[in-house]
Amino acid sequence: MTIVLTPVWSNGVQKLKVISAAPTKPAHGLLPPAHNDAIHYQRCLAQLRSKDRNIEKYIYLSQLKDADPSIFYRMCLANMAEITPLIYTPTVGDACLQFSQIFRRPEGLFISIKDKGNIGKILRNWPRISEARISVVTDGSRILGLGDLGVNGMPISIGKLSLYVAGAGIRPESTIPICLDLGTDTQKFLDDPLYLGLRQKRVPTKEADEFMEEFMQEMAAHFPKLLIQFEDFSTDKAFAYLDRFRHRYPLFNDDIQGTGAVVLSGFINAAKLSSAASGRPLTDHRILFLGAGSAGVGVAMQLMSFFKLHGLSTEEARSRIYLVDSQGLIFDGRGPMAEHKKYFSRTDYQGPPMTDLTEIIKLVRPTALMGLSTTKGAFNQSVIQTMSALNPRPIVFPLSNPVRLSECEFHEAVEWSQGRVLFASGSPFPEEEYGGKMLYPGQGNNMYIFPGLGLGAILARASAVTDSMVEASSLGLADALTADERADDLLYPRVERIREISTEIALAVIRAAQKAGVDRSTDLRKMSDAEVRAFVQERMYNP
Ligand SMILES: O=C([O-])CC(=O)C(=O)O
Ligand SMILES: [Mg+2]
């Protein structure tokens, strides 16, 4: 599929108009005589592999996507494990940091605070309004664990949407990457002559809130079939915008809900293995979080459903969770704290403030340790050894992204736990051999969830994304492990099966939407599961 856009002028405004969306075959003589598609695919793959640095591979793949989306997506699907880390975490982190240096050609929509009052007009410049189904929207205020990157956050929206296409078969022309430019507080960018964003500090909250209100209203008015994924907003905004808009528009926050769902899923599978080894009931698990930002608290909230699914009350479920932030264990006696941390603040601890993670572990005796702190090395040898002394199979999930901010590496966790660790990380790590056995790290990254969750919500034409739909996506993923994968102690399915996984998740999400009564595509209600699966698969874009 080639989309040819031509600039046209309307009311003094330049717009892009689609003049050809049909596959175009170059006229005779415009290609070399021995050019053919299959060999060209091999040529592109060889070109990719000839590059030494991942950022070069990223740039090459971006240009390939632009020049020939079909080859690009075919390559992604056939080489998921190799290419996902290049177009997504961790390389996308470098692409964001260097966006203003490596920028070639615009992709997606840029809407800045200067457009306040005129956002509808900007949206009308999007060339494929009626096809729009999914948008990933960031304001760049907290990209991965890299901080406030301003307009340099655009590659995160682009990368997530490439995975929607590859992983869930959303059509490329149905995706809209959006970066909102509300300024940046990162001086380095403001001083950089190549920086592509506004040269101003972030606007005050009130102005940002008014902007978001207008943005969401205009998005809904212009794109009636669009689902919105909020991505990498700073913690306070992530919670505030999710709360404010989730009951009015179909949307979810990937960092709070997507990460929550993917970790719940991995935890379900890890807890079974851990309890099988310890003989302790599933309801006895205790989970300690390092990091209490949007992802940390989002995951903690989602993990409560693990205990509730096993019959515990909300109060009992909450009591299984402990949060630690940069100032140590979070408990009521510690003094004032941010609103979003209060729910998990411990009332049963009355001692002095505790900051040392090993000491906190000895006190809490957790079965599982979750890292969402972006503090490299926080899960050091003493931490892992203490977890391993308490648990025959300790659950350790260093979830911070990208790789270099991970709380520990897989080989460290394997070595320090003597091969017993049940491990999942946010970014990919290589497998390890220990005691003659191959051990595989799980990748507890929301990339397993959002493509299928989004696909299900889009196909159901959900008017809102309910908690039950998010939970269904998580349970759908946990159930997607094959017998082979279970035999290898995997916590997540192999990423090569992403389309199958997305189909199962979409089915679970569609059913949950129907149960919640938020589905507007009511024809799907009458279909059997097998029919819905076939329906989902038929609709997938196949490069
Ligand atoms: O993008 C990723 O790899 C996961 C994610 O949402 C984040 O770290 O913010
Ligand atoms: Mg994110």
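A residue counts as buried if 20 or more other C-beta atoms lie within 10 Å of its own. Keep that cut-off at hand for the exercises below, which work through a predicted model.

**Exercise 1. Find out how many of the residues in helix α4 are buried, and what covers them.**

Solution. Start with the helix itself: α4 runs over residues 80–87. Applying the cut-off, six of its eight residues are buried, so the helix is mostly covered. These are Met-80, Ile-83, Thr-84, Pro-85, Leu-86 and Ile-87. Next, look for the elements that do the covering. They include α2 (54–67), α3 (69–78), α5 (91–97) and α8 (154–168), and also α21. We will meet α21 again in the next exercise.

**Exercise 2. Decide whether Ala-506 is buried or exposed, and list its contacts away from its sequence neighbours.**

Solution. First place the residue: Ala-506 sits in helix α21, which spans residues 498–516. Then count its surroundings. There are 32 other C-beta atoms within 10 Å of Ala-506, and the cut-off for a buried residue is 20 or more, so Ala-506 is buried. Now set aside the neighbours within four places in sequence; the contacts of Ala-506 are then Gly-452, Leu-455, Gly-456, Leu-459 and Val-536. As a last step, take the distance to Val-532, which is 26 residues away along the chain: the two C-alpha atoms are 9.2 Å apart.

**Exercise 3. Work out which domains ligand 1 lies between.**

Solution. Begin with the domain assignment, which gives domain 1 (54–249), domain 2 (257–446) and domain 3 (449–539). Then collect the residues around ligand 1: Thr-89, Leu-144, Asp-232, Asp-254, Asp-255, Asn-401, Gly-426, Asn-445 and Asn-446. Sorting this shell by class gives one nonpolar, five polar and three charged residues. Finally, compare the shell with the domain bounds. Both domain 1 and domain 2 contribute residues to the shell, so ligand 1 lies between these two domains.

**Exercise 4. Describe the side of domain 2 that touches domain 3.**

Solution. The centres of domain 2 and domain 3, taken over C-alpha atoms, are 26 Å apart. Their contact involves 18 residues from domain 2 and 15 residues from domain 3. On the domain 2 side, the elements that give two or more residues are α12 (254–278), β13 (422–425) and β16 (442–443). Of these, α12 supplies the largest share, with eleven residues. By class, this side has nine nonpolar, nine polar and no charged residues.

**Exercise 5. Set the two annotated spans side by side.**

Solution. Both names come from an unreviewed UniProt entry. The record annotates residues 65–246 as "Malic enzyme N-terminal" and residues 256–514 as "Malic enzyme NAD-binding". In the model, residues 65–246 are 47% helix and 11% strand, and their end C-alpha atoms are 32 Å apart. For residues 256–514 the values are 44% helix and 12% strand, with 23 Å between the end C-alpha atoms.

**Exercise 6. Judge how compact the protein is for its length.**

Solution. Count the elements to begin with: the protein has 22 helices and 16 strands. Its radius of gyration is 23 Å, close to the 24 Å that the globule rule gives for 543 residues, so the protein is as compact as a globular protein of that length. Along the principal axes, the C-alpha atoms fill a box of roughly 75 × 55 × 55 Å. To complete the picture, buried residues make up 48% of the 543 residues. Among contacts with a separation of 6 or more, 72% join residues 24 or more positions apart.

Terms used
Residues numbered from 1 in each chain as written. Chains lettered and ligands numbered in written order. Predicted model: local features only at pLDDT ≥ 70, side-chain atom pairs only at ≥ 80, totals over all residues. Domains from an automatic or database assignment. Contact = placed C-beta atoms within 7 Å. Helix = DSSP H or I, 4+ residues; strand = E, 2+ residues; numbered from the N terminus. Nonpolar A, V, L, I, M, F, W, Y, C, P; charged D, E, K, R; others polar. UniProt positions renumbered as here; feature names shortened; annotations may be inferred. Near = placed C-beta within 6 Å. Rg over C-alpha atoms; globule rule 2.2 N^0.38 Å. Buried ≥ 20, exposed ≤ 12 C-beta atoms within 10 Å, placed from the backbone.
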